[in-house]
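Let's take a friendly walk through this structure, step by step. Have the view open and turn it as you read.

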Amino acid sequence: MGMTDQGLVNKILSALYTSSTTFTITPGTGGGSAFTVTPPFRLHLYSTTGSETTTGTENVAGTSPGYTSGYPSGGLSLGSSAFGSFTSGASSNGTLLTWTATGTWTLGVAGIEVWDSASTAVRYLWGPLSTAIGASVVISGDTISFAIGAVGASGASW
Amino acid sequence: MIHIACQNCPAFDIVGPGHPAVTFDEKKQLHVLTDRTALKHSHADDCQPDANGNYPLAFTFLAPVGGAA
């Protein structure tokens, strides 16, 4: 069997990441538990990048002053529609996100993850930064931002 | 790619693979080693550092980051 039709990938990922309202996907008999998608999605920062199966080590206020950690309220909201509609299996964020450091970030930032806002938040996306920020590079008054379009998601290889 | 800009003057740099201000860690990931005075488009003559001698910088990620959906 070949790859998933890209038109279907676009539809599924657009449904997931552009929605501003909570919705539930209910599998058929034997298909497992219902799955609820709870926007808004939030971008979190990690000093150690996660993996396909395990979350990373999230930055915390103690070592990254100005950053708020934890789920579901930590990180920053990616907006009511986290990503634009997917084309060619890919899309990116539509909101500028900025943290302002209030002290030295003694742990760097190596990766990011996207979680939803469910009371028991669900991790959706993870990945390393193309260029990490090292330990103690960020000091009080610095800002760390993700420009519109900087956070990409791709299902092109499905 | 990270756009690094001074918050007090127009100085900036765009840092990514191949830039002398970055290095690879043991996981082959690039890291920024920022000399705050060494931006490619240098600080203005009248740009004033803070009380600790530092220039406040804005780090902005530009290029797509993150993983596959």
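A nonpolar core, as the term is used here, is a set of buried Ala, Val, Leu, Ile, Met, Phe, Trp, Tyr and Cys residues joined through C-beta atoms within 7 Å. Please keep in mind that this is a predicted model. The largest nonpolar core has 48 residues, and A:Tyr17, A:Leu43, A:Val109 and B:Ile4 have the most contacts inside it. Both chains supply elements that give two or more residues to this core: α1 (6–18), β3 (42–48), β7, β8 (109–115), β9 (123–133) and β10 from chain A, with β1 (2–6) and β5 from chain B.

Pick out A:Val109 to see such contacts. Leaving aside residues up to four places away in sequence, A:Val109 touches A:Leu45, A:Ser47, A:Asn59, A:Leu129, A:Ala132, A:Ile133 and A:Ile144.

From A:Ile144 you can step across to chain B, since A:Ile144 stands opposite B:Phe59 in β5(B). Here β10 of chain A (residues 143–146) and β5 of chain B (residues 57–61) pair in the parallel sense over four bridges. Another bridge joins A:Phe146 to B:Phe61. β5(B) also pairs with β1(B), in the antiparallel sense over five bridges, with B:Cys6 and B:Leu57 as bridge partners. Four of the five residues of β5(B) are buried, so this strand is largely enclosed by the rest of the structure.

Now look at the whole sheet. Its five strands run in the order β7(A)-β10(A)-β5(B)-β1(B)-β2(B), forming an open sheet with mixed pairing. At the edges stand β7 (97–100) of chain A and β2 (12–15) of chain B; each has a single partner strand, so one side of each is left without a neighbour in the sheet. On average, neighbouring strands of this sheet are turned by 15 degrees against each other, direction ignored.

Note on methods
Residues numbered from 1 in each chain as written. Chains lettered and ligands numbered in written order. Predicted model: local features only at pLDDT ≥ 70, side-chain atom pairs only at ≥ 80, totals over all residues. Pairing = 2+ DSSP bridges. Axes fitted to C-alpha atoms, helices over the stretch in contact; angles between N-to-C directions. Buried ≥ 20, exposed ≤ 12 C-beta atoms within 10 Å, placed from the backbone. Contact = placed C-beta atoms within 7 Å.
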